[in-house]
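Colleague: I would like to learn how to read the features of a model like this one. Could we go through it step by step?

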Amino acid sequence: MPAPVTSPTEGQLIEVFSSIQGEGLMVGCRQIFVRLSGCNLDCAYCDTPFAPTAECRVEEAPGSGTFRAVANPVSRETLFAILEDWLRRLPGAHHSLSLTGGEPLLHDGLLGDWLPELARLLPVHLETNGTLPEALTPLLPHLSFISMDLKLASVTGVPTPWEIHRSFLEVSRDKPGQAKAVVGPETAAGEIEDAARLLRETAPEWPLILQALTVDGKVAVSGRDLLALQATAARIHPPVRVIPQTHRLLGVL
């Protein structure tokens, strides 16, 4: 669902909170998460609300789990006041800032305005579905890390956009990053071979992260199957890791 059109300095946000990154290479790092509304995909496994809302949830204090409502769209001044306050309250606690969604690159105009200043506060980590390479290109100078999802058909329910993913990786591969593939019980070795081959050809420095589908708070893929998928990927693209959603285990956002 696309986000409503707003002023280029105001954003349709879902929530702003402080927590532990539970996925991929940054697992265990504390981040400030800024979740933007809207998504251009409709993945079957998605459990994240991203539809635009009248109000954005903002933690009262970083990590408190208690939220207040801030009217949407949120101005640059309002967001930066929140972030600066949190950084004063907890100096040195946050590793980086995660822009997440939905799909943050739907807000490329807004991010073009916000990112130069955000990057002065904290390193910026972009979480993206890897389908909007044109939107990414002008933002690259302000990003420190890119986490791109490989949308495998076995878990999304729609064909994998391999050529769009290839274009995205070709644009972003000179930045530090990772490609994360959610895998489920139906994920076949052939899909993982294709994912590993894509990374080997386009972004050989990026690791492939295999993240088991989480259902009802539990990993939905057996350890034996995850080891088999890891071995399949490693034959083609050796930097591959198996990392579950650890924030679910910690009971944090």
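Colleague: Is the crossing of α6 and α7 right-handed or left-handed?

Modeller: Keep in mind that this is a predicted model. The two helices, α6 and α7, cross in a right-handed manner. Their axes, with α6 covering residues 189–202, come within 8 Å and cross at roughly 40°. That angle makes α6 oblique to α7, because angles under 35 degrees would count as roughly parallel and those from 65 to 115 as roughly perpendicular.

Colleague: Which residues in α6 meet α7?

Modeller: From α6 come Ala 189, Ile 192, Glu 193 and Ala 196, and they meet Leu 229, Thr 232 and Ala 233 of α7. Sorted by class, this contact has 5 nonpolar, 1 polar and 1 charged residues.

Colleague: Now the sheet. What is the order of its strands?

Modeller: First the general idea: strands of a sheet pair through backbone hydrogen bonds, either parallel or antiparallel. Here the sheet is open and has 10 strands, in the order β5-β4-β2-β3-β7-β8-β9-β10-β11-β14, and the pairing is mixed. At the edges are β5 (67–71) and β14 (240–242), each of which pairs on one side only. From one strand to the next, the twist averages 20°.

Colleague: How do I see the mixed pairing at β2? How many bridges join β2 to β3, and do the strands run parallel or antiparallel?

Modeller: There are 7 bridges between β2 and β3 (residues 30–36), and the two strands run antiparallel. One residue pair to look for is Val 16 with its bridge partner Val 34 in β3. Towards β4 (residues 55–59), β2 has 2 bridges, and there the strands run parallel. Glu 15 has Arg 57 as its bridge partner in β4.

Colleague: Is β2 mostly covered or exposed?

Modeller: As general background, in a regular strand the side chains alternate between the two faces of the sheet. Strand β2 (residues 13–20) is mostly covered, with 7 of its 8 residues buried.

Colleague: And further along the sheet, how many bridges join β10 to β11?

Modeller: Strands β10 (residues 177–183) and β11 (residues 208–212) run parallel and are joined by 5 bridges. Val 183 finds its bridge partner in Ala 212 of β11.

Colleague: Which strands does helix α7 touch?

Modeller: Helix α7 (residues 223–234) packs on the sheet and touches β10, β11 and β14. The direction of α7 makes about 170° with that of β14. Another helix to view against the sheet is α5 (residues 162–172), which lies across β8 (124–128) and β9 (145–150) and runs at about 170° to β9.

Colleague: What should I look for in the backbone angles?

Modeller: Most residues other than glycine have a negative phi, and most peptide bonds are trans. In this model, a cis peptide bond joins Asn 72 and Pro 73, with omega about -5°. Pro 73 sits in the loop between β5 and β6 (74–75). The bond from Gly 101 to Gly 102 is also cis, with omega near 15°, and Gly 102 is in the loop between β7 (96–100) and α2 (108–121).

Colleague: What is the phi of Asp 216, and why does this residue count as exposed?

Modeller: Asp 216 is not a glycine, yet its phi is positive, about 55°. It lies in the loop between β12 (214–215) and β13 (218–219). Asp 216 counts as exposed because its relative accessibility is 75%, and exposed means over 50%.

Definitions and conventions
Residues numbered from 1 in each chain as written. Predicted model: local features only at pLDDT ≥ 70, side-chain atom pairs only at ≥ 80, totals over all residues. Heavy atoms only, no water. Pairing = 2+ DSSP bridges. Helix = DSSP H or I, 4+ residues; strand = E, 2+ residues; numbered from the N terminus. Axes fitted to C-alpha atoms, helices over the stretch in contact; angles between N-to-C directions. Contact = heavy atoms within 4.5 Å. Parallel < 35°, antiparallel > 145°, perpendicular 65-115°, else oblique. Left-handed = near helix turned anticlockwise from the far one by under 90°. Nonpolar A, V, L, I, M, F, W, Y, C, P; charged D, E, K, R; others polar. Buried < 20%, exposed > 50% of the residue type's maximum accessible area, 1.4 Å probe, protein only.
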